[in-house]
Amino acid sequence: MKKVCLAAPHLYEERNEKITLDRFLNGEQAGDLEIVKFEKELSSYVGTRKALVLSSGTVAIRLALKSLGVKSGDVVFWSSITYPPSCQAILSLGATPVFIDIDPLTWGMCPQSLRLAFQQLKEKGQRPRAVVVVNLYGQSADMDPILEICHEYGVPVLEEAAESLGATYKGRMSGTLGAVGIYSFNKNKIITTLFGGGALISNDPSYVDKARDCLSENRNDLMSPIAASIGRRQLEVLAKRLERKKEIYETYRRAFKEIGEIEMMNICDYGHSNYWLSVMTVKRGSVVTSKEIMEKLKSHHIESRLVWKPMHFQPDFSDFPFFTIQEGTSIAEDYANRGICLPSDTQMTQGEQERVVKIVKQLFINSK
């Protein structure tokens with residue numbers, strides 16, 4: 001039986017092309033040209049002045065933090081729900097992470113919790129060196145209030161848009177609203193450079209130049225010419241991927257509308273999500289849990305995933321501060337307990353998605 005994947009972009013599904021090595025056998029200059037072209041085409045697509053393509057999104061985060069001046073002893077505010085290896089960049093620089101709860105509607109950083117963190121550090125005579133805002137599962141955080149608070153305290157924002165390439169916020173591309181933004185081209189993202197990959201972008205060229213200067217420390221952090229060539233072709237199919245991702249989300253939303261215990265992730269009207277993953281939550285008190293849904297899907301060879309475990313519950317980060325305005329359970333913890341990422345692969349057929357829906361629905365029917 002064919003396995004239904006969570007999110008695995010395929011190379012050139014809209015074009016019968018094959019990558020060859022021929023163009024890279026003429027020396028380093030030809031390869032460098034592919035990298036330069038990818039950087040320019042990515043900058044043009046998202047509307048920034050400069051881009052730097054790298055070996056991974058994690059490398060992009062580390063270099064972005066360096067470009068913002070983060071060093072040993074500094075404090076960095078970070079959305080608590082994110083991909084765990086991303087936060088290792090803070091520890092590698094000797095800085096201290098402080099985690100911020102998410103907003104229940106946007107799934108991005110909660111502005112009220114962010115302000116609380118600023119206020120409490122100010123009382124201690126401290127302030128963070130940077131704020132890292134994560135655009136979770138393809139949707140932009142509500143950036144205006146976050147940027148307003150950070151501007152008030154004179155702290156730059158790193159927009160962690162690893163999952164949200166192609167999404168928008170009030171007419172601007174996700175990843176372009178902070179001082180620096182990053183994207184990931186890992187094999188499970190909306191476009192991929194196959195071998196891993198990432199990018200750092202900014203409208204202030206000085207940040208990109210500072211990051212590029214740091215590359216002299218490790219040339220392995222650069223994106224390979226082959227990966228850059230793949231990335232250029234992937235940009236050409238991004239628009240179709242965005243359409244397909246939205247279709248998948250809307251199919252789930254319509255199908256589960258009649259089940260009162262299920263809520264799909266809210267899509268905010270201030271912009272367009274890229275619907276990287278279709279995420280649902282099971283309401284409190286439901287007889288069927290998110291873990292039971294995931295286990296049932298797994299028994300049918302269907303891949304799914306629980307919502308990321310909040311960083312302040314991860315072993316490597318549990319001793320660091322966490323701020324929330326909630327009493328009792330935080331929004332991040334609540335969603336991690338009740339959320340599940342459904343199969344969202346753009347190559348998933350209508351029949352495969354209908355099978356996912358049928359299995360989930362049957363669980364709720366059998367529980368009554």
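**Figure 1. Surroundings of Glu159 in the predicted model.** Leaving aside neighbours within four places in sequence, Glu159 is in contact with Val133, Asn135, Ser140, Met143, Ser174, Gly175, Thr176, Leu177, Gly178, Val180, Gly181 and Ile182. Glu159 belongs to strand β5, residues 157–160. With a relative accessible area of 0%, Glu159 is buried. One of its contacts, Val133, is 26 residues away along the chain, and the C-alpha atoms of the two are separated by 5.1 Å.

**Figure 2. The eight-stranded open sheet.** The strand order is β1-β9-β8-β5-β4-β2-β3-β13, with mixed pairing. The edges are formed by β1 (50–54) and β13, each of which pairs on one side only. At the β1 edge, five bridges join β1 to strand β9 (residues 198–202), and these two strands run antiparallel. Within this pair, Leu52 is placed opposite Leu200 of β9. Helix α6 (residues 205–214) packs on the sheet and touches β1, β8 (180–184) and β9. The direction of α6 makes about 25 degrees with that of β1.

**Figure 3. Strand β3 and its two partners, β2 and β13.** Of the five residues of β3 (residues 96–100), four are buried, so the strand is largely enclosed by the rest of the structure. Strand β2 (residues 75–79) pairs with β3 in the parallel sense over five bridges. In this pairing, Phe77 stands opposite Val98 of β3. Between β2 and β3 the chain passes through helix α3 (residues 84–92), giving a right-handed β-α-β crossover. Strand β13 (residues 322–323) also pairs with β3 in the parallel sense, over two bridges. Here Ile100 has Phe323 of β13 as its bridge partner.

**Figure 4. Ser113 in helix α4.** Helix α4 spans residues 111–123 and includes Ser113. The relative accessibility of Ser113 is 0%, and Ser113 therefore counts as buried. Not counting residues up to four places away in sequence, Ser113 touches Ile100, Asp101, Phe323, Thr324 and Ile325. Two of these, Ile100 and Phe323, are the bridge partners that link β3 to β13.

**Figure 5. Nonpolar cores.** What is known in general is that in soluble globular proteins, nonpolar side chains tend to be buried together. The largest nonpolar core here has 71 residues. Those with the most contacts inside this core are Leu42, Leu65, Trp78, Tyr137, Leu165, Phe185 and Leu200. Helix α2 (residues 57–67) gives the largest share of the core, six residues. Leu65 touches Val70, Val76, Trp78, Ala89, Ile90, Leu93, Val132 and Leu158, not counting residues up to four places away in sequence. Another core, of 25 residues, lies apart from the largest one and has Met280, Leu297, Leu342 and Ile359 among its members.

**Figure 6. The four-stranded open sheet.** The strands follow the order β10-β11-β14-β12, and their pairing is antiparallel. At the edges are β10 (262–264) and β12 (305–306), each pairing on one side only. Strand β11 (residues 278–282) is joined to strand β14 (residues 339–342) by four bridges, and the two run antiparallel. Thr281 is found opposite Gly339 of β14. Helix α7 (residues 225–256) packs on this sheet, where α7 touches β10, β11 and β14. The directions of α7 and β10 make an angle of about 155 degrees.

**Figure 7. Buried and exposed sides of helix α8.** In α8 (residues 290–299), the buried residues include Ser290, Ile293 and Leu297. Seen down the helix axis, the buried residues of α8 fall within an arc of 60 degrees, so they line one face of the helix. An α-helix has 3.6 residues a turn, so residues three or four places apart point the same way. The other side of α8 carries the exposed residues Lys291, Glu295 and Lys298. Among the elements that cover the buried residues of α8 are β11, β12, α9 (331–338), β14 and α10 (350–366). Leu297, one of the buried residues of α8, also belongs to the core of 25 residues. After α8 comes His301, with a positive phi near 65 degrees.

Definitions and conventions:
Residues are numbered from 1 along each chain as its sequence is written. This is a predicted model: local features need pLDDT of at least 70, side-chain atom pairs count only at pLDDT 80 or more; totals for chains, interfaces and linings use all residues. Side-chain values use heavy atoms; hydrogens and water are left out. Buried means under 20% relative accessible area, exposed over 50%, partly exposed in between (1.4 Å probe, protein chains only). Contact means heavy atoms within 4.5 Å. Two strands pair if DSSP finds at least two bridges between them. Axes are lines fitted to C-alpha atoms, for helices over the stretch in contact, and angles run from 0 to 180 degrees between N-to-C directions. A crossover is right-handed if, with the strands pointing away from the viewer, the path from the first strand over the helix to the second runs clockwise. A nonpolar core is a set of buried Ala, Val, Leu, Ile, Met, Phe, Trp, Tyr and Cys residues joined through side-chain atoms within 4.5 Å. The arc is that of the directions from the helix axis to the C-beta atoms.
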